Amino acid sequence: MLRLRARALAVLLGASVGSLVRSASAQEPAPVEPKKGPVPPKVKTSVDPTYPSAKKGSGEKAVVRVELTLDATGKVTSTKVLESGGDAFDAAALEAAPKLEFEPATIDGKPVPAKIAWRFTFEEAAPTVTPPTTVEPTKAAVGTLSGTVLTPADEPLPGAKVVAKNKKDQKSVEATTDAEGRFSFKDLPVGTWSVHVESTGFKAFDVDEEVAGNTLTKVTYRPKLEGDAVEIDVKGERPPREVTKHSLSAAEINKIPGSGGDAIKAIQNLPGVARPPGLAAFLIVRGSAPQETNYFVEGTLVPIIFHFGGLNAVIPTELIERIDFYPGNFGPEFGRVTGGILDVGLRSPKKDGYHGLLQFDLIDGRTLLEGPIDKKTRFAVAARRSWVDVWLGPVLRSLGTGVSTAPVYYDGQAILERDLDEKNTARLAFFGSNDRLAVTLNSPSSSDPALGGDITTTTGFWRLQGRVESRLSAGIRWTNMISYGQDLIEFNLGDFLFKLNSHPLAFRSDFSAKIGKDATVIVGTDVLWSSYDVTVRAPPPPIPGEAPGPFFGRPLREISGSGALYRPAAYAMLDLRPTKRLQFLPGVRLDYTRDTKEWSVNPRVVARFAIANEFPKTVLKAGVGLFAQPPLPQQSIAPFGTTGLQNSRALQYAFGLEQDFTRQINLKTEVFYKDTTRLISQTLSESTTASGVTYGNRGDGRTYGLEVLLRYNPDDKFFGWIAYTLSRAERRNTRDEPLALYAFDQTHILTILGSYKLGKGWQVGARFRYVTGRPYTPNVGGVVDFDAGSYSPVPQFPLNQARLPSFNQLDIRIDKEWKFTSWTLSAYLDVQNVYNRANPEGVSYNFNYTQSNVVSGIPILPSLGLRGEL
């Protein structure tokens, strides 16, 4: 049946953090007026590095980024390579770096030590040629280019370096933005100018601008954060609004062992995310059921986020700009679930030229092409297909397994983006996915003859999304999104059938405005409408804990239905910062569910308090909120479900601490508690309802635990972390029953991972995971079902009193990269389950349920791949 699946980049500028990034031959910024607060160091003596003698004659170019540690006098006291250009160039850069001299960084006029990044550019000088004598031309018409550089949150970005180069004669001019982020170039010759913008902590970028005679050309630039950071929980263009915040850089995402370079799979290595059953393609968040977590792409609900087996996500990493992952206590812009939220943001296509990517490994092959169409328009198209059916299908058929088509998946994306003007950007995006599997059973099951014939399954969706982002002023932003698409799920097993065809239409509008120096208001709407057409041919679903008996002995029921869902919502939030240390975020969400005719008001509040606002930072955080989840459509809509149901409710609490130990090492801890009521349970009613079951809001439950993340942030050689979750999830079907372990409870979840750069393009990493086994209800025996001619299991009560053995696994990854003049080639080997542990995934029984065996999961799984990138 239809599943209703469900941004803020916080840049903390420390008092001693600034970065002057330049090329070896570039001019330095003009001095700016002194100002209060933190002021970065200013260069006094510049040094050009010496081109390595060993590289002379090669014509090789290189860039080396170096971290400089400055004392309170501005003297360079130590250096470290941040981004290598090769051994010879690194040595030349480290030799030149101590010769640089700076005016010291200051805070309120007082000199302080600082760390900055410096970039050396190496390019072998061409032979000197005496230019011919020319006649000075008549002075051409000139114009003015001026503008403003803003952060992604539309805050002025002072101290940014702006360089404009004439594309005709290659002459350049340079400026540094003032306290309001402004710059201006006067008397520029008419023509095309290449503008380069860079600033500490932001990604440098280049753009072409046309200068007309006797004309003022005004522009606005918004550089993105450096390092392709992918924020989890809180990321994007707003300040933190939730309790938990995790972030992973692109370097980490691409090199995490066992994740295959998949950004969304990398989430599974963070606290609060449990391990799903083998080959399951969903997330288990803080002990919640899979359907209690919603998946979004740019605010559009999608039914799945992983392909079959959880091998890869349906959106490739290459197109992802951000990931907002909320394990709980999320803001009022999201709702309709009581578990977690995952929202994937698509990045803008590149506009600095055409780029491409081609990658193949044993799992899939993918391609990407992007670039500009004109000055204001750019595009990106990508496609991917799995190869598992190519090599696994013939193997399975040769073994007589009955598999006629091994699993295969496809996905595709297309983005067309245009700057309507300097304040408005429009985007049209298409994304979709399709997974298929076909199996022919050679003979029916001996214990259940009904389970015979062909098995076919198809899961797919597509969305067409339009989005307009309007930056009305420095403090006002309005984003509108509308999407339409299709969800298709079809499953056939012999005479059993499930088919869903739905067409969701969604609209989301988010408006934020500063209403004072320390206050921002956020309001919005979130509307979902979806038609559906469903056919089900199957016995009534079993009641948890009861013996269902073989399908052969149970009557089939065929039910069909069509209609539409309508679930509008509105929300509001205040972001209050009464002091420099305190951030307070009260909010409320109002939902309406037409199928249950219920209004739901859900207030939420989050607070963050900085005990130490300077490094090493110490931050306390807390949140409490009310969350509601409508029944699944098959539970509340006739003829499938029961009318008169109510929304499930959850009251969530969280309290945590963030602590810096060093610039590289920090700790995040959080205690959480969730009290869930009005959970939907079912009872058999074969004679009174078409579906054979009746649903009611009779259940409740609770989940509580502790999450810890000890992390070593990426440096030039290493990154890694230790993530640990201690939790317990309990539920019951009626209040007359005692609370019992929930099927998705996992007491201990431990992940230890790290990756190290060996040099010369080599990098190695490893990941170890330990997870407590899942609860399950064992069968104590079987009874003869004379109608079916087979045994039916007798489950043990109370439910879920047994556990599978624990899971543990070691994964490794080896990468090698070759850099060429205009492209990069990389190879990687990603091996999961290195020591081939037979990890338990379930329990199987003999024909009369007197003997059982643990079913093992995937054995050692290597993946070897090649990737070429322009």
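**Note on aromatic pairs and a three-stranded sheet**

1. A search across the whole of this predicted model returns 21 aromatic pairs. One of them joins Phe102 and Trp118 in an edge-to-face arrangement, with 5.5 Å from centre to centre and 85 degrees between the planes. This pair links distant parts of the chain, since Phe102 belongs to strand S5 (residues 101–103) and Trp118 to strand S8, 16 residues apart.

2. Phe102 has a relative accessible area of 1% and is therefore buried, and Trp118, at 0% relative accessibility, likewise counts as buried. Ring pairs also join Phe102, Trp118 and Phe120 into a cluster.

3. The pair of Phe183 and Tyr221 is stacked, because the ring centres lie 6.2 Å apart and the planes stand at 10 degrees. Here too distant parts of the chain are linked, with Phe183 in strand S12 (residues 182–189) and Tyr221 in strand S15 (residues 216–221), 38 residues apart. Phe183 is buried at a relative accessible area of 6%, and Tyr221 is buried at 5%.

4. Strand S8, which carries Trp118, belongs to an open, antiparallel sheet of three strands in the order S4-S3-S8. Strands S4 (76–83) and S8 (114–123) each have a single partner strand, so one side of each edge strand is left without a neighbour in the sheet. Strand S3 (residues 61–70) pairs with S8 over ten bridges in the antiparallel sense, and Val63 stands opposite Thr121 in S8.

5. Two charge-over-ring placements may also be noted: the charged end of Arg275 sits over the ring of Phe807, 3.8 Å from its centre, while Arg286 lies over the face of Phe672, at 4.4 Å from the ring centre.

Definitions and conventions. Residues are numbered from 1 along each chain as its sequence is written. This is a predicted model: local features need pLDDT of at least 70, side-chain atom pairs count only at pLDDT 80 or more; totals for chains, interfaces and linings use all residues. Side-chain values use heavy atoms; hydrogens and water are left out. Two strands pair if DSSP finds at least two bridges between them. Helices (H or I, at least four residues) and strands (E, at least two) are DSSP runs, numbered from the N terminus. Rings of Phe, Tyr and Trp (its six-membered ring) pair if their centres lie within 6.5 Å; planes under 30 degrees apart count as stacked, over 60 as edge-to-face and the rest as tilted. Buried means under 20% relative accessible area, exposed over 50%, partly exposed in between (1.4 Å probe, protein chains only). A charge sits over a ring if NZ of Lys or CZ of Arg is within 6 Å of the ring centre and within 35 degrees of the ring normal.
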